[in-house]
Amino acid sequence: MTDDRRLTIGFPRMYNEPGERRAFLPPLMGLLAETGVNVYVETACGAGMGYSDDDYLAQSPRVHIVDEATAYAQDIVVVLRAPEGRYELLRPGAILFSMLHFTTRPERVELLSGLGIEAIALDMVTGDDGRRLVQNLREVARNGLAAAFDALERRWPPFLSHTRPPVSVTILGAGGVGKHAIEWAAKAGDEARNARLMREGLPGIEVVVAEQNLAGNEAYFRHRLALTDILVDATARRDTSRPIFPNAW
């Protein structure tokens with residue numbers, strides 16, 4: 001096979017969050033290049049983790065540093081976070097590997113299908129035991145609880161009052177994400193914030209876990225929700241059209 005007909009893989013940067021640090025590391029590019037593919041990495045892809053473009057180029061002559069459009073124009077495109085607003089940069093027939101969350105994003109499925117993109121959701125890749133192979137559940141829980149407590153502190157002035165009751169967090173589910181959500185809820189979503197609350201002698205956090213076997217128990221949930229400041233849905237449901245309880249509760 002001539003060089004210009006080799007399989008190509010693109011690694012675009014992620015821009016969704018300020019200060020984004022996550023990236024695929026230079027050694028991975030070297031491993032892929034050893035298989036004979038050409039690898040196209042968007043410039044400054046690893047800057048947030050302290051890697052320069054030269055660190056990637058040093059892996060192999062088959063590794064190239066390119067602009068965003070070129071990274072998305074390859075046969076296979078790999079980007080951890082779903083590249084919202086950039087799907088049109090992929091060409092029809094390209095393969096996209098990303099955290100696409102198809103089960104809760106039907107509109108995304110329709111869009112990618114319409115663009116002719118062969119999409120593989122990394123969050124749906126499982127081993128023989130049914131467990132996800134690509135995941136960092138502790139960080140998922142940490143990020144979610146940090147955002148929730150940030151919002152609570154911004155929008156609820158009594159949060160910094162010594163006379164308020166404990167913050168009540170209700171967590172639905174105690175599985176892979178739920179057990180880490182319990183940990184971070186107890187830490188107010190962030191170790192630094194938790195230390196500040198303790199240092200200033202502010203009331204702490206109450207964490208209550210409700211499993212799916214309580215689904216449909218209206219009396220319980222109406223009572224529980226009336227006491228809840230932060231509600232975390234950490235359940236895994238095969239049929240996401242069936243809620244744990246209706247919004248009206």
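**Salt bridges, cores and loops**

Glu153 has a relative accessibility of 23% and therefore counts as partly exposed. The model in which this residue sits is predicted. Glu153 is a useful starting point, as its salt bridge leads on to other parts of the chain. The partner of Glu153 is Arg193, with the closest N and O atoms 3.2 Å apart. Glu153 belongs to helix H5 and Arg193 to helix H7 (residues 191-199), so that the pair, 40 residues apart, links distant parts of the chain. Arg193 has a relative accessible area of 6%, which places this residue among the buried ones because the limit is under 20%. Glu153, at 23%, falls on the other side of that limit.

This pair is one of the salt bridges in the structure, which holds 12. Side chains of opposite charge can pair when their charged atoms come close. Another group of charged residues forms a network of salt bridges, made up of Arg138, Glu183, Lys187 and Glu191. Within the network, Lys187 meets Glu183 at an N to O distance of 3.2 Å, and the side chain of Lys187 also meets that of Glu191, at 3.5 Å. These three residues count as partly exposed: Glu183 has 23% relative accessibility, Lys187 has 22% and Glu191 has 47%.

Helix H5 leads from the charged pairs to the nonpolar interior. The largest nonpolar core has 17 residues, and those that touch the most other members are Leu145, Phe149, Val169, Ile171 and Val232. At least two residues each come from helix H5 (137-155), strand E7 (167-172), helix H6 (176-186) and strand E9 (230-233). H5 gives the largest share of the core, 4 residues. Val169 shows what surrounds one of these members: beyond its neighbours within four places in sequence, Val169 contacts Phe149, Ala185, Ile205, Glu206, Val207, Val208, Ile230 and Val232. Separate from this core is a second one of 14 residues, with Tyr72, Val79, Ala82 and Ala121 among them.

The whole chain can now be described. The secondary structure amounts to 8 helices and 9 strands, and the C-alpha trace spans about 70 × 40 × 30 Å along its principal axes. Of its 249 residues, 35% count as buried. Among contacts with a separation of 6 or more, 61% are between residues 24 or more positions apart. The accessible surface is about 14100 Å², and carbon and sulfur atoms hold 53% of that area.

Part of the surface is a nonpolar patch of Leu25, Met49 and Tyr51, which together have about 230 Å² of accessible area. Leu25 lies in the loop that runs between strand E1 (8-11) and helix H1 (26-34), and its relative accessibility of 33% makes this residue partly exposed.

Other loops hold local details. Most residues other than glycine have a negative phi. Ala44, in the loop between strand E2 (38-42) and H2, has a positive phi, near 65 degrees. His101, in the loop between strand E5 (95-99) and helix H4 (106-114), also has a positive phi, near 50 degrees. Ala44 is partly exposed at 26% relative accessibility, and His101 is partly exposed at 30%.

Ser60, by contrast, is a buried loop residue, with 12% relative accessibility. Its loop is the one between helix H2 (53-57) and strand E3 (63-66). A polar atom of the Ser60 side chain lies 3.0 Å from the backbone nitrogen of Arg62.

Methods: Residues numbered from 1 in each chain as written. Predicted model: local features only at pLDDT ≥ 70, side-chain atom pairs only at ≥ 80, totals over all residues. Heavy atoms only, no water. Buried < 20%, exposed > 50% of the residue type's maximum accessible area, 1.4 Å probe, protein only. Polar contact = N/O pair within 3.5 Å; in protein donor to acceptor, adjacent residues only side chain to side chain. Patch = residues over 30% accessible without salt bridge, like charges linked within 9 Å, V, L, I, M, F, W, Y side chains within 5 Å. Areas by Shrake-Rupley, 256 points an atom, 1.4 Å probe, with all protein chains shown as cover. Salt bridge = Lys/Arg side-chain N within 4 Å of Asp/Glu carboxyl O. Core = buried A, V, L, I, M, F, W, Y, C linked by side-chain atoms within 4.5 Å. Contact = heavy atoms within 4.5 Å.
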